[in-house]
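Me: Got a minute to go through this model with me? I'll throw short questions at you.

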Amino acid sequence: MKHLITSLLACCMSGLAVAQSPYIARVYDYCPAPGQFVNLLPASTAGDDAAAMAQKATDCLAGTANGTIVSLGSWGGYIIFGFDHQIENGSGADFKITGNAFAGNAEPGIVMVAADDNQNGLPDDTWYEICGSAHQHTETQRQYVVTYKKHRSSGDSIVWTDNRGNNGYIVKNSFRTQNYFPDWATDDSLVFVGTRLPNNAVEQAPNYFVLNAFEYGYADNQPNATDSGIDIAWATDTAGNPVVLQGIDFVKVYTGVFQINGNIGECSTEIAGAIDLHCNTAVPHATRDEIQITINNRHISIATPKACDIVLYDIAGRIVAHRHAALYQTTLPSGIYIVKAGQTCRKIAL
């Protein structure tokens, strides 16, 4: 077995390639602030904890540019996700976050980025905030803090206070009557700290609000079809100073506008997916004899110029799949694998 895996690895060394997905691979943390879509997008069930909800958010967003919407609730509610590789700080926009914004319905989310400096694969490193077009607005508030209090029953609105001496309610409406406070929260209050962007909604008629988009730099701000990418070069430290990052491994998005818009309720950033704008999903191939591998989340597609024996080995050298074909598709658990198609080998990471 040891000889087999050594031979396979040696075969891979001359043309080592790891197929990468341009889409979200994992949600590490999902902590929405109270809102009308909380406990619905995604739906919570009895017994769910933070890990279960992070997995549900992963199921909604991973492996796609535009998946099932995940709501972050009112101001401060956030999600943290990562890719299966580091996103490089290249030329121009580096990644894009999709949502459900359309003309007159922008609910901007502030974007933060981090590199895995300690190489432990977890988002516990220094965070940097993307400085979008509204960050320099005179009404933007930094180091803003909001505390939301858990309601006593499902019919109660949510009480909030901030560090500026203000208070109010996230008011329940007649359309969505479930709990607005996250069901899985273990504390009686939720506290969020960050940057509060200026209000973007304009009441053009009684109870008719238009939510205007900011120019650039936010999630769920511009329609998905627009050129709304995020440039890592816009990253800033806690003092607002620009920082230089070679690449980033983790992204955090939190609702950036704190405003109630009549009957349509609170501004709440929604996330549908994310895309590494530099990533190529297929393994490059220089000759007609090389195999082509495409990975989407944990689904792998292997194409060859003509039918041959396609064998997949795990890192211990055990065969996990074998098919004689020109195209083979399967889904495997996360891990490192070796693909052998005819006389060609590739090492891949799922």
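Me: Let's start with Asp48. Is Asp48 buried or exposed?

Reply: Keep in mind that this is a predicted model. Asp48 is buried, at 16% relative accessible area.

Me: And which residue forms a salt bridge with Asp48?

Reply: Lys56 does, and the closest N and O atoms of the pair are 2.7 Å apart. Side chains of opposite charge can pair when their charged atoms come close.

Me: How exposed is Lys56?

Reply: Lys56 is partly exposed, because its relative accessible area of 22% falls between the 20% and 50% cut-offs.

Me: How many salt bridges are there in the structure?

Reply: The structure holds 1 salt bridge, and Lys56 with Asp48 is a salt bridge pair.

Me: What about disulfides, how many of those?

Reply: The count is 0. As for cysteines, Cys131 is buried at 18% relative accessible area, and Cys267 is buried too, at 1%.

Me: OK, on to strands. How much of β14 is covered?

Reply: Strand β14 spans residues 247–255, and 9 of its 9 residues are buried.

Me: Which strands pair with β14?

Reply: One is β3 (residues 78–88), which is antiparallel to β14 over 7 bridges. Another is β5 (residues 109–114), also antiparallel to β14, with 6 bridges.

Me: Which residues sit across from each other there?

Reply: On the β3 side, Tyr78 stands opposite Tyr254 of β14. On the β5 side, Met112 has Lys252 of β14 as its bridge partner.

Me: What about β4, which residues are on its two faces?

Reply: Phe95 and Ile97 are on one side, Lys96 and Thr98 are on the other, and all four are buried, leaving both faces of β4 (residues 95–98) covered. That fits the usual pattern, because in a regular strand the side chains alternate between the two faces of the sheet.

Me: Which strand do bridges join to β4?

Reply: Strand β16 (residues 273–276), through 4 bridges, and the two run antiparallel. Within that pairing, Ile97 stands opposite Ala274 in β16.

Me: Changing topic: which residues form a nonpolar patch on the surface?

Reply: Val159, Tyr169 and Val171 do, with about 280 Å² of accessible area together. Val171 is in the loop between β9 (167–170) and β10 (189–196).

Me: And Ile158, buried or exposed?

Reply: Ile158 is buried, at 0% relative accessibility. Its place is in strand β8 (residues 158–162). The C-alpha atom of Ile158 is 8.1 Å from that of Lys172, and the two residues are 14 apart along the chain.

Me: What does the side chain of Thr140 have 2.6 Å away?

Reply: The backbone oxygen of Ala134 lies 2.6 Å from a polar atom of the Thr140 side chain. Thr140 is in the loop between β6 (128–130) and β7 (141–149), and it is buried at 13% relative accessibility.

Me: Now the backbone. Where is the cis peptide bond?

Reply: It joins Leu41 and Pro42, with omega about 0°. Pro42 is in the loop between β1 (26–31) and α2 (50–61).

Me: Which residues other than glycine have a positive phi?

Reply: Among them are Gln119, with phi near 55°, and Asp220, with phi near 50°.

Me: Are those two buried or exposed?

Reply: Gln119 is exposed at 65% relative accessibility, whereas Asp220 is buried at 2%. Gln119 is in the loop between β5 and β6, and Asp220 is in the loop between β12 (208–211) and β13 (235–236).

Note on methods
Residues numbered from 1 in each chain as written. Predicted model: local features only at pLDDT ≥ 70, side-chain atom pairs only at ≥ 80, totals over all residues. Heavy atoms only, no water. Buried < 20%, exposed > 50% of the residue type's maximum accessible area, 1.4 Å probe, protein only. Pairing = 2+ DSSP bridges. Patch = residues over 30% accessible without salt bridge, like charges linked within 9 Å, V, L, I, M, F, W, Y side chains within 5 Å. Areas by Shrake-Rupley, 256 points an atom, 1.4 Å probe, with all protein chains shown as cover. Salt bridge = Lys/Arg side-chain N within 4 Å of Asp/Glu carboxyl O. Disulfide = S-S within 2.5 Å. Polar contact = N/O pair within 3.5 Å; in protein donor to acceptor, adjacent residues only side chain to side chain.
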